[in-house]
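Grab a coffee and work through these exercises with the viewer open. Each one gives a task, then a solution in steps.

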Amino acid sequence: MQRFDAIVVGAGFAGMHMLVKLREMGLSALVIERGSDVGGTWYWNRYPGARCDVPSMDYSVPWDDELDQEWNWTERYAAQPEILTYALHLADRHDLRRDIKFNASVNKADWNEDSKTWTVGTDTGDTYEARFFISGAGALSEPNLPDIPGIKSFKGELYHTGRWPRDKVALKGKRIAVLGTGSTGVQASTAIAKEAEHLYVLQRTAQYSLPCLTPPLSDEEIAKRKAIYPAHREWQRNSFAATWSDVGTPFAMTAAEHTPEQRLANMEKCWASGTAALVGVYADVSTNAETAQEVSDFVRNKIRQTVKDPVTAERLCPKQGTYIGTRRIIIDTGYYQIFNQPNVTLVDITEDPIVEITDTGVKLKSGTFHELDMLVVATGYDAVTGPLLSMNITGKDGLELREAWKDGPHTYMGLAVAGFPNLFTITGPSSPGVLANVIFSIDQHVQWIAGVLEHMRKIDAVEIDTTEAAQNEWAMHAAETYSRALRIHDDQNWYLGTNIPGKPRSVLVYQGGLGFYKTKCDEIAADNYRGFVFEREKAAA
Ligand code: NA7
């Protein structure tokens with residue numbers, strides 16, 4: 001059995017960064033990756049229209065200053081192929097692949113109390129041993145497959161967007177349905193509408209989507225950012241979401257400080273900017289229902305102005321009582337416009353539910369049947385906990401993570417779990433994760449983990465664990481940041497795990513912002529790693 005200081009799961013931006021850091025510390029590491037190359041999310045999500053909703057010059061790694069100066073992003077919001085190219089380049093540049101085992105999924109990880117090590121097994125039948133087990137498996141990587149009667153009998157092409165084939169998928173001349181209207185469904189539908197003979201958008205819940213303009217980046221814009229990159233990276237690390245908007249009002253201003261006319265002008269400016277600025281147009285959009293209502297109605301009116309058929313427009317308007325920003329905001333490149341095309345039909349599956357998927361199409365309660373060549377499943381993910389639970393992790397005294405989390409996840413700072421020593425969960429439950437620019441959530445976790453590993457080296461510790469008391473304290477703190485937000489009003493989304501039937505409802509992402517979270521984590525480290533327990537004796541083995 002091969003032995004390493006650390007086993008890292010996943011070769012996305014998290015796994016790659018962790019590997020670089022472990023190497024810098026002189027530790028041996030193996031990264032286990034289920035894909036055939038690096039890239040994580042950007043390796044798997046090859047569906048048409050896939051694009052990052054964070055501007056490209058913010059969504060790139062902050063740990064390679066030379067690359068910041070060398071790399072030239074081509075447009076404001078990078079599309080999947082460009083981000084994947086960037087990830088592949090990172091792997092080449094830092095010679096990462098020699099420490100990555102590809103085409104293997106971790107399916108077992110057991111803590112051994114005697115040797116103070118993890119034994120990690122894969123679906124390829126290999127077993128490894130390591131002192132530290134670090135998950136970089138991602139938060140949105142375990143697809144949620146809908147349990148619709150008959151879906152397995154469908155004889156056409158069926159793809160989950162998060163498992164899109166590597167070979168080009170032909171769309172021309174096909175009758176295609178997209179199930180789901182979250183960020184993914186909206187992006188996929190917008191792109192597929194350009195080619196499909198007919199596209200059926202199967203919508204259960206209408207959401208808020210903002211128009212995104214993604215013009216080519218000019219030499220001037222690129223040079224301007226490069227000149228301030230080091231300072232900008234530092235700003236990102238300490239900011240709320242690690243990305244900025246320079247349109248609209250400053251974040252600090254509330255809606256009440258403006259007249260109705262000023263507010264309208266301000267919202268128009270944000271809308272026209274082609275960014276997600278509208279969701280933060282006033283500081284109280286996410287906490288004051290009146291402000292949220294005004295901004296939400298502004299978007300509803302934009303939908304009505306864009307979509308010519310009034311019935312379709314109304315169906316696309318998010319329900320009254322749901323507010324913009326309570327779910328992850330969607331940005332699109334012409335989504336509402338596709339419903340003016342003769343080859344696109346919006347199917348409201350709340351009004352007329354799917355009763356069955358047959359071998360040739362989708363049957364609705366009203367008796368309507370849509371014949372299909374392809375069904376695109378854009379139904380999201382078993383977010384945050386799904387990738388961790390799928391690894392069958394067993395900690396001290398045979399405690400299974402699945403059992404420890406049966407009523408929802410319990411963590412300390414989102415990166416440690418009581419009873420699971422020497423395990424770190426990058427972007428784990430109750431950390432900012434994908435609520436901020438995830439590359440920076442990853443950066444903060446990787447740096448923090450490196451810090452604690454250094455501390456362990458200094459004090460000659462072989463084991464780090466946390467306690468239930470520390471977890472409870474963290475849960476109370478995280479819940480407090482959550483209760484301030486209007487997010488509480490939308491109960492059906494992956495932030496809460498409620499998108500998965502039977503999954504316990506819990507707050508899966510920390511809502512206090514990345515900078516505030518970082519300060520908390522740094523305070524804990526400075527306070528002699530408060531809430532952690534270290535075991536100093538050398539293991540007999
Ligand atoms: P999301 O945001 O979870 O969206 C999933 C969509 O799929 C949403 O419209 C769901 O409707 C729909 N859905 C889920 N299950 C079903 C079933 N069983 N039947 C019909 N419709 C269903 O996932 P995405 O992949 O779009 O985005 C995930 C994140 O990736 C996003 O937040 C960004 O951070 C990037 P519902 O709204 O639940 O009624």
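The protein has 15 helices and 20 strands; helices (H or I, at least four residues) and strands (E, at least two) are DSSP runs, numbered from the N terminus. Before you start: this is a predicted model, where local features need pLDDT of at least 70, side-chain atom pairs count only at pLDDT 80 or more, and totals for chains, interfaces and linings use all residues. Residues are numbered from 1 along each chain as its sequence is written.

**Exercise 1. Work out how the radius of gyration of the protein fits a compact globule.**

Step 1: take the rule, 2.2 Å times the number of residues to the power 0.38, with the radius taken over C-alpha atoms.
Step 2: for 541 residues that gives a value near 24 Å, and the protein has 23 Å, so the two agree.
Step 3: look at the extents too; the C-alpha trace spans about 75 × 55 × 45 Å along its principal axes.
Step 4: check the burial, which takes in 46% of the 541 residues. Buried here means 20 or more other C-beta atoms within 10 Å of the residue's own; exposed means 12 or fewer, partly exposed is in between, and C-beta atoms are placed from the backbone.

**Exercise 2. Trace the open sheet of five strands and find its edges.**

Step 1: write down the order, E7-E16-E8-E9-E12, with parallel pairing. Strands pair if DSSP finds at least two bridges between them.
Step 2: pick out the edges. Strand E7 (157-160) and strand E12 (344-348) each have a single partner strand, so one side of each lacks a neighbour in the sheet.
Step 3: add the twist, which averages 15° from one strand to the next.
Step 4: zoom in on one pair. E8 (residues 175-179) and E9 (residues 198-203) share five bridges in the parallel sense, and Arg175 sits opposite His198 in E9.

**Exercise 3. Place helix H5 against the sheet and say what covers it.**

Step 1: H5 packs on the sheet and touches E8, E9 and strand E16 (374-377), with its direction at about 165° to that of E8. Axes are lines fitted to C-alpha atoms, for helices over the stretch in contact, and angles run from 0 to 180 degrees between N-to-C directions.
Step 2: count the buried residues of H5: 10 of its 10.
Step 3: list the cover, which includes E8, E9, strand E10 (209-211), strand E11 (330-332), helix H10 (335-338) and E16. Contact means C-beta atoms, placed from the backbone, within 7 Å.

**Exercise 4. Which residues surround the ligand most closely, and what classes make up the shell?**

Step 1: of the 19 residues around the ligand, the closest are Pro146, Gly180, Gly182, Thr184 and Gly380. To count, a residue needs its C-beta atom, placed from the backbone, within 6 Å.
Step 2: the largest share, three residues, comes from H5 (residues 183-192).
Step 3: sort by class, and you get six nonpolar, 11 polar and two charged residues. Ala, Val, Leu, Ile, Met, Phe, Trp, Tyr, Cys and Pro count as nonpolar, Asp, Glu, Lys and Arg as charged, and the others, Gly among them, as polar.

**Exercise 5. Is Leu210 buried or exposed?**

Step 1: find Leu210 in strand E10.
Step 2: Leu210 has 22 other C-beta atoms within 10 Å, so it is buried.
Step 3: leaving aside neighbours within four places in sequence, Leu210 contacts Ala276, Leu278, Ile329 and Ile331.
Step 4: Trp271 is 61 residues along the chain from Leu210, yet their C-alpha atoms are separated by 7.1 Å.

Conventions: Two residues are in contact if their C-beta atoms, placed from the backbone, lie within 7 Å.
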